[in-house]
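Take a moment to turn the structure around before you read on. We will start with one pair of side chains and work outwards from there.

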Amino acid sequence: MKPRNPEASRLEADYLARVRSALAGRETGEVEEVLDAVRAHIEEELTGDLDGQVSLVQMAGVLERLGPPGSYVDESERATASPPPYVSVSPPVADGVADGELGPEGRENMAGLLDRVWWGYLVAVIGLYVPLIGLEFCGLIGAGILAFVLLAHRGIAERSFRFAGKLAAAAVIIGLLNVPACVLALIHPALGILQLPVVIGGLVVGLMLYWNVLDGAATVVSRVGEAALADRIRGIRVLYLLTVAALFCVGLLAGVVAVASGVRNAQLELWWLGYVTLPLSWLFGWLFILRPIGAARNALRSG
Amino acid sequence: MRDAKWLSQVKRGLLELCILNLVGREPMYGYQIVKRLASVPGLVITEGTVYPLLSRLKREGLLSGRLVESPQGPARRTYELTGAGRRHMRSINESWQEIAEAVRRFMDGQVQEESQ
């Protein structure tokens with residue numbers, strides 16, 4: 001500790017005593033923590049100064065920058081007071097959705113959005129794949145609904161939802177691209193390689209879409225005080241990603257084995273596999289997509 | 001006077017946002033946080049007000065703090081974001097961007113034009 005002259009010591013002690021009395025009523029641990037921090041701050045400030053004793057002027061300069069002891073109270077009181085002004089000042093935005101605290105109208109608007117997203121996903125997970133031309137009919141319709149709904153959204157979690165809308169539109173385009181890629185593979189099996197970027201692109205975009213939709217849903221429910229549900233939704237999406245990654249690896253392995261076993265056009269010969277695994281994709285769709293979105297919607301309507 | 005009061009309220013509200021974003025990048029000790037905030041020209045802060053705020057964020061579980069010995073004086077309390085703090089930071093960052101965008105629309109006169 002740097003030595004102070006008597007006046008500087010008295011000034012410092014007086015300042016700390018006034019901070020302590022300003023914080024009276026707070027928990028002892030909290031007061032001590034703040035005082036320790038202020039002591040450390042003063043010491044750090046004086047470290048760079050010249051050798052010798054700290055003068056009254058030097059100490060006064062440090063304490064002036066720290067601010068009056070009363071300012072500590074203002075900040076401390078905010079812990080129990082109303083939310084900070086920038087949150088309570090709610091700029092009106094489109095769709096009647098106000099930021100910060102959601103009123104009944106805002107909650108219903110957001111619940112309505114999640115409702116439409118839920119239906120979009122429901123259509124998408126039904127699964128109606130036409131293997132001959134590589135058309136995922138329900139997936140295309142579902143992604144189209146999601147793009148339409150999400151791109152029109154304004155208000156809370158706008159960034160996540162609108163980005164998800166762009167991804168849904170990209171998913172529609174990728175789904176359509178799969179048709180010519182599949183037809184080309186039919187004409188010449190070697191051209192089946194063209195499907196690889198389309199399939200991988202579709203998977204990546206689909207996962208990003210899912211991630212952002214659930215992020216938006218979690219943000220919305222956290223705004224209505226459902227922090228636990230928001231955490232659960234975020235946990236579910238991580239679990240889903242891990243599950244998809246594991247299944248993708250299994251699928252890739254199966255493909256390699258099929259090709260190695262001499263299957264000429266694995267997609268055509270194994271088309272029935274898609275229908276065998278359909279119940280599994282329904283189960284996953286329900287567990288990882290529809291259920292969390294539905295829970296977020298219900299939380300908004302039950303408040 | 002009115003301007004100063006309004007500005008003070010806005011800055012106070014944003015201080016939490018700035019602190020979470022600062023600490024979100026790397027663990028920092030209190031003095032470092034204060035100095036980093038004080039170095040930003042538009043964000044004129046009263047240095048002492050940061051410490052009760054750090055204490056509150058820690059109590060609310062948004063920051064964790066541990067004491068680290070310092071060769072220059074008293075032990076320093078180093079703060080870092082907890083998982084809850086990181087989620088809260090993302091949430092309020094998004095809120096702030098939405099608010100800033102909405103205010104920008106007002107200031108640019110877009111809201112009047114859209115409603116006509």
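Let us begin with Lys58(B) and Glu33(A), whose side chains meet in a salt bridge with N and O 2.9 Å apart. Please keep in mind throughout that this is a predicted model.

**Where the two chains meet**

How many salt bridges cross the interface of chain A and chain B? The rule finds six. There are also ten residue pairs in polar contact across the interface, with both partners at pLDDT 80 or more. On the side of chain A that touches chain B, at least two residues each come from α2 (28-47), α3 (56-66), α4 (69-77), α5 (85-88), α8 (158-187), α9 (195-223) and α10 (227-260) of chain A. Which of these helices gives the most? The answer is α2(A), with eleven residues.

The whole interface can be put into numbers too. In chain A, 42 residues are in contact with 38 residues of chain B. Between them the two chains bury about 3500 Å², and 54% of that is on carbon and sulfur atoms.

**A closer look at His41(A)**

One residue to find on your screen is His41(A), which is part of helix α2 of chain A. Is His41(A) buried or exposed? His41(A) is buried, with a relative accessible area of 0%. Its side chain makes a polar contact of 2.6 Å with the side chain of Tyr51(B). Leaving out residues up to four places away in sequence, His41(A) touches Leu66(A) from chain A, and from chain B Tyr31(B), Val34(B), Lys35(B), Glu47(B) and Tyr51(B).

Two of those names come up again in another setting. Lys35(B) and Glu47(B) are linked with Glu45(A) and Arg65(A) in a network of salt bridges.

**Chain B, piece by piece**

Chain B has five helices and three strands. Starting at the N terminus, its elements follow the order α-β-α-α-β-β-α-α. Of its 116 residues, 41% are buried. Among the contacts in chain B with a separation of 6 or more, 45% are between residues 24 or more positions apart.

Now find helix α2 of chain B, which covers residues 30-38. Which of its residues are buried? They are Gly30(B), Tyr31(B), Ile33(B), Val34(B) and Leu37(B). Looking down the axis of α2(B), these buried residues fall within an arc of 160 degrees, so they line one face of the helix. Tyr31(B) and Val34(B) are also among the residues that His41(A) touches.

Further along the chain, Ser91(B) sits in helix α4 (residues 83-107) of chain B. Ser91(B) has a relative accessible area of 16%, so Ser91(B) counts as buried, the cut-off being under 20%. Setting aside neighbours within four places in sequence, Ser91(B) is in contact with Ser222(A) and Arg223(A).

**Salt bridges within chain A**

A search of the whole structure finds 25 salt bridges over all chains. Here are three that join residues of chain A.

| Acidic partner | Basic partner | Closest N to O |
|---|---|---|
| Glu12(A) | Arg4(A) | 2.8 Å |
| Glu32(A) | Arg20(A) | 2.7 Å |
| Asp115(A) | Arg297(A) | 2.9 Å |

For the pair in the top row, both Glu12(A) and Arg4(A) are buried.

The salt bridge between Glu32(A) and Arg20(A) has its N and O atoms 2.7 Å apart. Glu32(A) belongs to helix α2 of chain A and Arg20(A) to helix α1 (residues 6-22) of chain A, so the pair ties together parts that are twelve residues apart in sequence. Glu32(A) is partly exposed, with a relative accessible area of 27%. Arg20(A) is partly exposed as well, at 38%.

In the salt bridge of Asp115(A) with Arg297(A), the closest N and O atoms are 2.9 Å apart. Asp115(A) is in helix α6 (residues 104-126) of chain A and Arg297(A) in helix α13 (residues 278-302) of chain A, so this pair ties together parts that are 182 residues apart in sequence. Arg297(A) counts as buried, at 14% relative accessibility.

**How confident is the prediction?**

The model scores ipTM 0.80 and pTM 0.49. Chain B averages a pLDDT of 83, and 88% of its residues score at least 70. Which element of chain B has the lowest mean pLDDT? That is helix α5 (residues 110-115) of chain B, with 65, while strand β1 (residues 28-29) of chain B has the highest, with 92. Where pLDDT is low, the predicted coordinates should not be read in detail.

Conventions. Residues numbered from 1 in each chain as written. Chains lettered and ligands numbered in written order. Heavy atoms only, no water. pLDDT = per-residue confidence, 0-100. Helix = DSSP H or I, 4+ residues; strand = E, 2+ residues; numbered from the N terminus. Buried < 20%, exposed > 50% of the residue type's maximum accessible area, 1.4 Å probe, protein only. Arc of directions from axis to C-beta. Contact = heavy atoms within 4.5 Å. Buried area = accessible area lost by both parts, 1.4 Å probe. Salt bridge = Lys/Arg side-chain N within 4 Å of Asp/Glu carboxyl O. Polar contact = N/O pair within 3.5 Å; in protein donor to acceptor, adjacent residues only side chain to side chain.
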